[in-house]
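Please look through the sequence and the three-dimensional model below before reading on. The report then describes the surroundings of the bound ligands and some aromatic rings.

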Amino acid sequence: MTRHAEIDLTRIPCHVAIVMDGNGRWAEQRHQPRLFGHRAGVESVQDVVAAASELGVQVLTLYAFSSENWKRPVAEVGGLMSLLKTFLVKELDKMLNNNVRLTCMGDLPRLPSEVRSTLEQSMAATAGNSGLTLNLALSYGGRAEIIQGVQRIARQCLAGQLSPEAIDEEVIDAHLYSAGLPDPDLLIRTGGEARLSNFLLWQASYAEILFSPIMWPDFRRRAFVDAIVDFQGRERRFGKTGAQLRAG
Ligand code: IPE
Ligand code: IPE
Ligand code: MG
């Protein structure tokens, strides 16, 4: 693959999370229906998944459909669901060949049953893969995720299986959809908006955030590599001073 000279392959972020935004505006600029943009966006997904896998990113979380996106027109929601299903069917062989493990997170019972069953089949088929974890956020909302986790924790407390004092960050982590995954190191939002839109509210507490003006259908391998180079130029201080970090 062609790489930028400046990328440091020894410091690739472990987990990259992306809010894939801008499909609708990209289509509008071309006087096309919104679904045309979503279709073009699938090609960006393929490109970025391949790049992440080749660069050795361990987890790539893609925000594909939010809990709020159910409020869109029925035809757009239906179009997105059918694109998702086609993507899953088409990509399975590629995921198997490239050692990609598929996972997903969100309020999955809300998805159409044929999408859910395709998802389940692909996740089962790729469960043993040890390369990139491709984690799709589907019908995902950060607040809903926290609520379901808190409810499960509260039930354990009521049943006497957990004391409230024992609730710490690890307990919360273990009750989120993302249990078992590291926190994102780099969170990218394409499409020019500077907001989180209910994405990874707990997990992104120390993520480096990059807001890119590029619309998702134009966000290809090159833009992804540029984002990683940008990430590598930052100093992650986690509350310490720069001097402390440089002193080791
Ligand atoms: C992101 O693109 C894709 C989804 C939310 C499913 P949008 O559809 O939000 O595109 P814009 O923001 O309207 O351009
Ligand atoms: C966020 O994009 C969700 C996804 C990219 C899947 P939206 O386009 O739905 O976000 P808002 O509503 O403009 O904040
Ligand atoms: Mg949008």
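The text below takes the two ligands in turn and then moves to the aromatic pairs.

This is a predicted model, in which local features need pLDDT of at least 70 and side-chain atom pairs count only at pLDDT 80 or more, while totals for chains, interfaces and linings use all residues. Residues are numbered from 1 along each chain as its sequence is written, chains are lettered from A and ligands numbered from 1 in the order in which they are written, and side-chain values use heavy atoms, with hydrogens and water left out.

**Ligand 1**

Which residues are around ligand 1? They are Met20, Asp21, Gly22, Asn23, Gly24, Arg25, Arg34, His38, Ala64, Asn69, Arg72 and Leu80, where a residue is counted if one of its heavy atoms lies within 4 Å of the molecule. By class, this shell has 3 nonpolar, 5 polar and 4 charged residues (Ala, Val, Leu, Ile, Met, Phe, Trp, Tyr, Cys and Pro count as nonpolar, Asp, Glu, Lys and Arg as charged, and the others, Gly among them, as polar). Helix 1 (23-29) and helix 2 (34-55) each supply at least two residues of the shell, and helix 1 gives the largest share, 3 residues; helices (H or I, at least four residues) and strands (E, at least two) are DSSP runs, numbered from the N terminus.

**Polar contacts of both ligands**

The table lists polar contacts, which are pairs of N or O atoms within 3.5 Å.

| Ligand atom | Protein partner | Distance |
|---|---|---|
| Oxygen of ligand 1 | Polar backbone atom of glycine 22 | 3.3 Å |
| Oxygen of ligand 1 | Polar backbone atom of glycine 24 | 2.9 Å |
| Oxygen of ligand 1 | Side-chain N or O atom of arginine 34 | 2.8 Å |
| Oxygen of ligand 2 | Side-chain N or O atom of aspartate 21 | 3.1 Å |
| Oxygen of ligand 2 | Polar side-chain atom of arginine 72 | 3.2 Å |
| Oxygen of ligand 2 | Side-chain N or O atom of arginine 195 | 2.7 Å |

Taken alone, ligand 2 exposes 390 Å², of which the protein buries 78%, with accessible areas coming from the Shrake-Rupley method with a 1.4 Å probe.

**Ligand 2**

The residues around ligand 2 include Val19, Tyr63, Phe65, Ser66, Arg189 and Ser197. Strand 2 (residues 59-66) provides the largest share of this shell, 4 residues, and the shell divides into 5 nonpolar, 3 polar and 4 charged residues.

**Aromatic pairs**

How many aromatic pairs does a search of the whole structure find? It finds 8, where rings of Phe, Tyr and Trp (its six-membered ring) pair if their centres lie within 6.5 Å. The ring centres of tryptophan 26 and phenylalanine 36 are 5.7 Å apart and their planes are at 20 degrees, so this pair is stacked, a word for planes under 30 degrees apart, whereas planes over 60 count as edge-to-face and the rest as tilted. Because tryptophan 26 lies in helix 1 and phenylalanine 36 in helix 2, the pair ties together parts that are 10 residues apart in sequence.

Note on methods: A polar contact is a pair of N or O atoms within 3.5 Å; within protein, one must be able to donate a hydrogen and the other to accept it, and residues adjacent in sequence count only if both atoms are side-chain atoms.
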